[in-house]
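Here's an informal walk through one model, charged pairs to begin with and then on to the core, the sheet and the rings. Have the viewer open as you read.

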Amino acid sequence: QVQLVESGGGLVQAGGSLRLSCAASGRTFSTYGMGWFRQAPGKEREFVAAIIWSGSTTVYADSVKGRFTISRDNAKNTVYLQMNSLKPEDTAVYFCAARNTATAAYGYWGQGTQVTVSS
């Protein structure tokens, strides 16, 4: 069982930066694949970025590639999303998620943190 708590959201001007954190409980965090997703008002939840258990492989949505960086610190049971060059279209609730294999569905979700980018 994994519990996830996101933090770091807020209001930022276009072009600015934010770093989201996702703290996980549970002794097996280091074995889980982690992902970030987002959901804007009136839209479906969409994939943002993912990282495998070791941190050696990352994947990004085309819309954030080159601007966002996902990383993890297994010693701190935390995954991060560094967001640079933010755009108004990045405004959404951001969720972190965990899955216990590389091909499993994400079975654990946090409550989300709001990111608002003003133009």
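## A charged network

Let's begin with Arg38 and Glu46, whose side chains form a salt bridge at 2.6 Å, N to O. Bear in mind that this is a predicted model. Arg38 counts as buried because its relative accessible area is 5%, under the 20% cut-off. Glu46, at 35%, is partly exposed.

Arg38 also makes a salt bridge with Asp90, at 2.9 Å from N to O. That pair ties together distant parts of the chain: Arg38 is in strand 4 (residues 33–39), while Asp90 lies in the loop between strand 8 (78–83) and strand 9 (92–99), 52 residues apart. Is Asp90 buried or exposed? Asp90 is buried, since its relative accessibility is 0%. Through shared salt-bridge partners, Arg38, Glu46, Arg67 and Asp90 end up in one network.

## Arg67, and a pair on the outside

Arg67 sits in the loop between strand 6 (58–60) and strand 7. With a relative accessible area of 10%, Arg67 is buried. Leaving out residues up to four places away in sequence, Arg67 touches Gln82, Met83, Asn84, Ser85, Leu86, Lys87 and Asp90.

The model has 4 salt bridges in total. One of them joins the side chains of Lys65 and Asp62, at 3.1 Å from N to O. Here both Lys65 and Asp62 are exposed, whereas Arg38 is buried and so is Asp90.

## The nonpolar core

In soluble globular proteins, nonpolar side chains tend to be buried together. In this model the largest nonpolar core has 29 residues, and the ones with the most contacts inside it are Met34, Trp36, Leu81, Met83 and Tyr94. Who supplies the residues? Strand 3 (18–24), strand 4, strand 5 (46–51), strand 7 (68–73), strand 8, strand 9 and strand 11 (113–118) each put in at least two.

Met34 is a good one to click on. Setting aside neighbours within four places in sequence, its contacts include Leu4, Cys22, Phe29, Ile51, Ile70, Val79 and Tyr106. Arg72 is among the contacts of Met34 too, and Arg72 stands opposite Val79 in strand 8.

## An open sheet

Which order do the strands take in the open sheet of 4 strands? The order is 1-3-8-7, with antiparallel pairing. Strand 1 (4–7) and strand 7 are the edges, each pairing on one side only. From one strand to the next, the twist averages 15°.

Look at strand 7 and strand 8 in particular: they run antiparallel and are joined by 6 bridges. Strand 7 and strand 8 each also supply at least two residues of the largest nonpolar core.

## Aromatic rings

The count of aromatic pairs comes to 5. One of them is Tyr32 with Tyr108, an edge-to-face pair with 5.9 Å between centres and 70° between planes. This is another link between distant parts of the chain: Tyr32 is in the loop between strand 3 and strand 4, and Tyr108 is in strand 10 (residues 108–109), 76 residues apart. Tyr32 is buried, at 7% relative accessible area.

Elsewhere, ring pairs link Phe37, Phe47, Tyr106 and Trp109 into a cluster. Tyr106 may ring a bell, as Tyr106 is also in contact with Met34.

Methods
Residues are numbered from 1 along each chain as its sequence is written. This is a predicted model: local features need pLDDT of at least 70, side-chain atom pairs count only at pLDDT 80 or more; totals for chains, interfaces and linings use all residues. Side-chain values use heavy atoms; hydrogens and water are left out. Buried means under 20% relative accessible area, exposed over 50%, partly exposed in between (1.4 Å probe, protein chains only). A nonpolar core is a set of buried Ala, Val, Leu, Ile, Met, Phe, Trp, Tyr and Cys residues joined through side-chain atoms within 4.5 Å. Contact means heavy atoms within 4.5 Å. Two strands pair if DSSP finds at least two bridges between them. Axes are lines fitted to C-alpha atoms, for helices over the stretch in contact, and angles run from 0 to 180 degrees between N-to-C directions. Rings of Phe, Tyr and Trp (its six-membered ring) pair if their centres lie within 6.5 Å; planes under 30 degrees apart count as stacked, over 60 as edge-to-face and the rest as tilted.
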